[in-house]
Amino acid sequence: MAEQRVSRQELIRRRRRGGFVGRRAELAAFRENLDRDPADEAYQFLFHVRGNAGVGKTSLLRQLEAVARERDSVTAYLDDDVHSAVEAMAAISAQCERQGRPLKRFDRLLAGYRQRRHEAESAEPGQSDGEPSVAGTLAAQVGLAGLGAVPVVGALVGAVDPQQVALGADRLRGLLSARLRSHDDVQLVLTPVPLLTPVFLADLADLAGRLPRVALFFDTYERTAPVLDGWLRELLVGGGYGDLPLNVLVVLAGQRRLDPRVWADSMDLVAELPLEVFTETEARQLLTARGITDERVTGTVLRLAGGLPVLLDTLAQTRPAGPEAVQDPSGTAVERFLRWETDPERRAAALACALPLQLDQDVYGVLAEGDHYAWLRALPFVNDQAGRVRYHDVVRTPMLRLQRTGSPLGWREQHTALAEAFGRWRAALEQDLPPDVRWADGTWLEYRLGETYHRLCANPHQALPAALVELVAACASGDSACRRAAQVVVQAARDTEAEPLGRWGELLGALDEDPELTLLTVLLTEPGLPAEHRADCFLARAGRYGAAGDHPAAVADCTAALALDPGSSRAYAARAVGLRALKQLPEALADYQRAVELAPGQPALLVQRGRLLRTLGRFEEALLDLDLAVGLDPADWLHRAERGETHRLADRPAEALAELTRATELNGAAAWPWASRGWVLHQLGLGGEALADLDRSLELDPRQPWALTRRAELHRRAGRFEAALTDLDLAVTLSPGWQWVVAERGETHRLAGRPGRALADFSRAIELSPTYAWALVRRGQTHELLGAHREALADWAAARRLDPDLTDRMLAGAQHRPGTFRVRLPEGGAGGLPGA
């Protein structure tokens, strides 16, 4: 569309607004783009402002935001205070609301997510060292979700044992179900980004439909790109979350080029706005606008500032009367920034307030005397954002160096005072904040990391070991906390230039897309982590390996932890989990035995050992462990449910019914006890009640292959073949490697008169488990129906070699089900635990 004509006075006002000078080409390009029709091929919806620190990226971004608002756009400005896609969406929504344009549906869903996350991470009653906490397990699962590897989305089929991955996901769902209200809540906590983003996008699209533009600005993108790149690219280019209107315009600003691994095939869609230092012409224009007209003063300022806009503006604001006033006797940048400030309190405040990474009124009160906070916030090198201020790195760096070298004692004293203040604020917050949710609380994390940063600055040698131990804890709390904790060490290394921190700054500054695993490996391979904490680090890495399905590596790390701490029940229990995943069941049982010996009376360890004994068919021994667990904590629904499941598999339906009923009374939101009780009711001849329980279980969690297959069997027995196949199709989709589920679908096709489809399913089940005698008999019968008598005889002969009694009974006409026989199936197979 054609640009409206403006008056000369309006043009002058625009150019002089806020004293902004320079960058006319960039401003013109942005204005011209705003005036284009989004359907125009020349229209750009993604800009990237790029340049080194100090060249004025933030100032330009703010100016571009002002231009967008002039054109009746709703805008949002984000910097590196956001550490995830969820935080980015929340910040954008909050700024839209402040402009009278709330994203109502998204805000409601976000509030629900935050509440559910808090509920999920509440401390688990009776939690023991042998069982990972909900918060820790959730952090690992959500970390995998960012890599597309969460078992609930089926992304690891073929790469990880599907049985063990499914068991881990079901276990986490069971733990979350104890705290959350519905399956939707569980999914929201497990995978918030794919559930929140479409609603956010829909609200943003509605807003864009009522306005000329919506403009989103992402500053300091070099810091937020690791967590926002993939999400933002999918939003703008991929379309996986829905269609984003073209009049939603995005501007990124950072020091580096966009990551080619993410943006390589989209760079033709990016309008680059590279910024360099001011030319001499632009620098002179800025000085003239600030009233600096003396050529001698101008020449001196140009020489000292080196063309950096932030330095030019800082020096010009002082209005030096002559070149001698510009001269810096100490030759330091700090004196150039503050030389003309005569108030000693203000000078001291400006220097002292460079020490923290960011500050507010409370931090200012620890460092400075006098009421100069408002003055400080107005300084040209101080960026103000959302109630906090931060020095520009170009100014902060020399200020830190001056204080560190000029007064080492004062440097240590001030950083110690800051560390103690952050420690007090953290401790006060902890009075009402349970341990399991602290790392997820933004305020607590800010205090904790602030304390760590200032202790590193005050005494790097003394504080480094504790900071490395803190990194181990951060790795168990998710990607965001891990990155932020690592960045604190990186920043302290830069700001102190201390020898013990330098190497760690280099290592942690290069974290890749799996920061927890990389960081834990660095901690174990580099010197520095205290020896007494290396076992914990091995166990933390074992947890990451296990969550990713690398069970051999997890077992190796647990073994290494035991070499360092032979009395660790946690290490034995964790290694048992890995050994069980590797089908080394006797070895896993031995580890559980040792874990229980080292930590007697821990219900979680007893339950884990009882589960494994049940898998081995040693039901009486399993019940002894589960009886002890229930006795120690009779109100725990999971202990009751596990004991009920063991009774069920031991063919004690009455005892199983009593225990599973009690489990559902203690926690009606846990899905799998309803399914298990439903099958017990079926065994007792109560078909209607059985179906009702299975329906209830699948309402709570529709993605349960065991419950779906059992309900399908009830449908099939009643002649409802289509309903049975609907359940079985979903069960096979969820667990394509579970031969029992595939064979059950084959049996349903066979009984429904569809031998061709039955043959395909039976063949697939046998391919998955060549010793599956039941499936061989049924495939032989299907071959016979199709007239393939030779193939039928071959299948029956193979089945008879594996299990002659079963084969003879089936061929004699007995109607046995796959789950009736003790065939060699993986854990969770026929008759196995539905929700473990």
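1. Rings of Phe, Tyr and Trp, the last taken by its six-membered ring, count as a pair if their centres lie within 6.5 Å. By this rule the count comes to 13 aromatic pairs. The model under review is a predicted one, and the points below start with some of these ring pairs before turning to the sheet, the helices and two loop residues.

2. One of the pairs is formed by Trp738 and Trp740, with 5.6 Å from centre to centre and 55° between the planes, which makes it tilted. Trp738 is buried, at a relative accessible area of 7%. Trp740 is buried as well, at 0%.

3. Phe762 and Trp774 form an edge-to-face pair, 6.2 Å centre to centre, with 65° between the planes. This pair links distant parts of the chain: Phe762 belongs to helix α40 (residues 755–768) and Trp774 to helix α41 (residues 773–785), and the two residues are 12 apart. Phe762 has a relative accessible area of 0% and is therefore buried, since buried means under 20%. Trp774, also at 0%, is buried by that cut-off.

4. Ring pairs also join Phe30, Phe47 and Phe217 into a cluster. One member of this cluster, Phe217, falls within strand β3 (residues 214–218), and another, Phe47, within β1 (46–50). Both strands belong to the sheet taken up next.

5. The sheet is open and has 5 strands in the order β2-β3-β4-β1-β5, with parallel pairing. β2 and β5 (271–274) are at the edges; each has a single partner strand, so one side of each is left without a neighbour in the sheet. From one strand to the next the twist averages 15°.

6. How many bridges join β2 to β3? There are 5, and the two strands run parallel. Within this pairing, Thr75 stands opposite Ala215 of β3. On its other side in the sheet order, β3 is followed by β4. β3 and β4 (residues 248–254) pair in the parallel sense, again over 5 bridges. There, Phe218 has Leu252 of β4 as its bridge partner.

7. Is edge strand β2 (residues 74–78) mostly covered or mostly open? It is mostly covered, as 5 of its 5 residues are buried. In a regular strand the side chains alternate between the two faces of the sheet. In β2, Val74, Ala76 and Leu78 are on one side and Thr75 and Tyr77 on the other, and both faces are covered. Tyr77 also has a charged partner: the charged end of Arg62 sits over the Tyr77 ring, 3.5 Å from its centre.

8. Two helices can be placed against the sheet. Helix α9 (residues 192–208) lies across β2, β3 and β4, and runs at about 130° to β3. Helix α10 lies across β1, β3 and β4, and its direction is at about 155° to β4.

9. Helix α10 (residues 221–238) also packs against helix α4 (residues 85–98), at an angle of about 75° and with the axes 9 Å apart. The two helices are therefore roughly perpendicular to each other. Ala85, Ala88 and Met89 on the α4 side meet Val227, Leu228 and Trp231 on the α10 side.

10. A second helix pair is α17 (residues 344–352) with α20 (residues 393–406), packed at about 100° with their axes 9 Å apart. Because angles of 65 to 115 degrees count as roughly perpendicular, α17 is roughly perpendicular to α20. Their contact is made by Ala350, Leu351 and Ala352 from α17 and by Met399, Leu402 and Gln403 from α20. Arg404 falls within the residue range of α20. The charged end of Arg404 sits over the ring of Trp411, 5.9 Å from the ring centre.

11. Two loop residues have backbone angles worth checking in the structure. Glu497 is not a glycine, yet its phi is positive, at about 50°. Glu497 lies in the loop between α24 (479–496) and α25 (499–508). Lys583, likewise a residue other than glycine, has a positive phi near 70°. Where is Lys583 placed? Lys583 is in the loop between α29 (569–581) and α30 (585–598). With 43% relative accessibility, Lys583 counts as partly exposed, because that class lies between the 20% and 50% limits.

Technical notes
Residues numbered from 1 in each chain as written. Predicted model: local features only at pLDDT ≥ 70, side-chain atom pairs only at ≥ 80, totals over all residues. Heavy atoms only, no water. Buried < 20%, exposed > 50% of the residue type's maximum accessible area, 1.4 Å probe, protein only. Helix = DSSP H or I, 4+ residues; strand = E, 2+ residues; numbered from the N terminus. Pairing = 2+ DSSP bridges. Phe/Tyr/Trp six-rings, centres within 6.5 Å; stacked < 30°, edge-to-face > 60°. Lys NZ or Arg CZ within 6 Å of the ring centre and 35° of its normal. Axes fitted to C-alpha atoms, helices over the stretch in contact; angles between N-to-C directions. Parallel < 35°, antiparallel > 145°, perpendicular 65-115°, else oblique. Contact = heavy atoms within 4.5 Å.
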